[in-house]
Amino acid sequence: MCRHLAFLGPPVTLRALLVEPPWGLYRQAWAPRMQRHGTVNADGFGVGWYAPGDPVPARLRGGGPIWGDPSFADVARVTRSGAVLAAVRSATAGNAGGPGAAAPFAGGPDEPWLFSHNGALTDWGRSLDGPAGALPVAALLALEARCDSALLWGLVLHRLRGGAEPGEALTEVVREVAERVPGRMNLLLTDGRTVAATAWGDTLFVRRGWPPPAGPGPVGTVIASEPFDDAPGWEEVPDGSVVTAAAGDAPRVRPITATTVPV
Ligand code: GLN
């Protein structure tokens with residue numbers, strides 16, 4: 001399934017983060033090394049980033065392969081950011097296509113969130129009445145696409161708007177959905193200052209200290225489906241966990257306790 005990545009740290013170009021590493025997300029679109037489901041990620045891509053002094057992210061998304069997008073290379077070369085979330089998509093059969101179904105998903109025009117889902121839910125359209133029924137109709141109508149990932153984002157956003165912490169919102173949604181439908185739910189969420197991610201059925205890694213520190217100052221953190229190079233420092237997040245990280249702090253990994261297990 002898809003591959004995704006979030007970064008918090010000293011500002012870098014999108015190109016340095018996504019394209020230049022030998023096994024970067026850009027290359028993972030056609031040559032992922034650890035993908036367990038699907039082969040290539042050519043059904044869409046998206047990059048979301050934060051500009052200094054603006055808490056609301058910008059997004060560039062497309063419904064086709066990242067390497068075929070006419071704007072990505074230019075934007076990636078000239079855009080620097082200290083907080084980024086990006087994804088390349090291998091669409092699950094039955095889900096909508098197009099840029100609206102490509103992560104990152106976002107909140108309203110003045111909200112700070114970016115969200116991605118790597119995984120798939122089985123038969124979600126028929127089986128998720130329980131948790132989805134807890135969403136106001138307006139929230140269901142506001143979903144960006146008819147897609148399992150967009151629905152999961154709706155469920156997470158509803159909890160964030162209710163005051164849940166990011167890691168708590170992801171954990172609650174994974175638990176609640178896993179009780180009803182089998183699926184894989186590697187979720188990734190940032191507000192530009194913190195990142196939360198779940199490992200629930202697919203690979204997930206954390207690396208502290210990227211880019212290599214040029215001097216004293218906050219250390220960068222990357223959370224990604226798979227390492228983008230073979231340098232030391234990548235740590236695998238155990239399946240069935242939630243990881244939270246804030247700029248400069250060591251990431252925290254906790255188990256997601258649930259009555260069911262990832263499939
Ligand atoms: N199921 C989601 C979709 O169709 C995510 C796919 C993935 O992880 N490859 O977009």
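**Exercise 1.** In this predicted model, find which element gives the most residues to the shell around the ligand, and then describe the shell by residue class.

*Solution.* Begin with the elements that each supply at least two residues of the shell, which are β6 (114-121) and α7. Of the elements, β6 gives the most, with 3 residues. Next, sort the shell by class, which yields 3 nonpolar, 7 polar and 2 charged residues. Finally, pick out the residues that come nearest to the ligand among the 12 around it, namely Cys2, Arg89, Ser90, Thr92 and Gly119.

**Exercise 2.** Work out where the ligand sits and which polar atoms of Cys2, Ser90 and Asn118 lie by its nitrogen and oxygen atoms.

*Solution.* First locate the ligand, which sits in the largest cavity. Then take the backbone: a polar backbone atom of Cys2 is 2.4 Å from a nitrogen atom of the ligand, and a polar backbone atom of Ser90 is 2.7 Å from a nitrogen atom of the ligand. Turn next to the side chain of Asn118, where an N or O atom is 3.3 Å from an oxygen atom of the ligand. As a last step, consider the cover: on its own the ligand has 290 Å² of accessible area, and the protein covers 99% of this.

**Exercise 3.** Describe the largest pocket by its volume and its lining.

*Solution.* Start with the volume, which is about 250 Å³. Of the 16 lining residues, Ala139, Ala142, Trp153, Leu157 and Arg161 are the closest to the centre of the pocket. The elements giving two or more residues to this lining are β5 (105-106) and α7 (148-161), and the largest share, 6 residues, comes from α7. By class, the lining divides into 9 nonpolar, 4 polar and 3 charged residues.

Definitions and conventions. Residues are numbered from 1 along each chain as its sequence is written. This is a predicted model: local features need pLDDT of at least 70, side-chain atom pairs count only at pLDDT 80 or more; totals for chains, interfaces and linings use all residues. Side-chain values use heavy atoms; hydrogens and water are left out. On a 1 Å grid over the protein atoms alone, a cavity is a set of points where a 1.4 Å probe fits but cannot get out, and a pocket is an open set with protein on both sides within 12 Å along at least five of seven lines; lining residues have an atom within 4 Å of a point. Grid points are joined across faces, edges and corners, and a volume is the space filled by probe spheres set on the points. Helices (H or I, at least four residues) and strands (E, at least two) are DSSP runs, numbered from the N terminus. Ala, Val, Leu, Ile, Met, Phe, Trp, Tyr, Cys and Pro count as nonpolar, Asp, Glu, Lys and Arg as charged, and the others, Gly among them, as polar. A residue is near a molecule or strand if one of its heavy atoms lies within 4 Å of it. A polar contact is a pair of N or O atoms within 3.5 Å; within protein, one must be able to donate a hydrogen and the other to accept it, and residues adjacent in sequence count only if both atoms are side-chain atoms. Accessible areas come from the Shrake-Rupley method with a 1.4 Å probe; for residues, only the protein chains shown count as cover. A molecule sits in a cavity or pocket if more than half of its atoms lie within 2 Å of its grid points.
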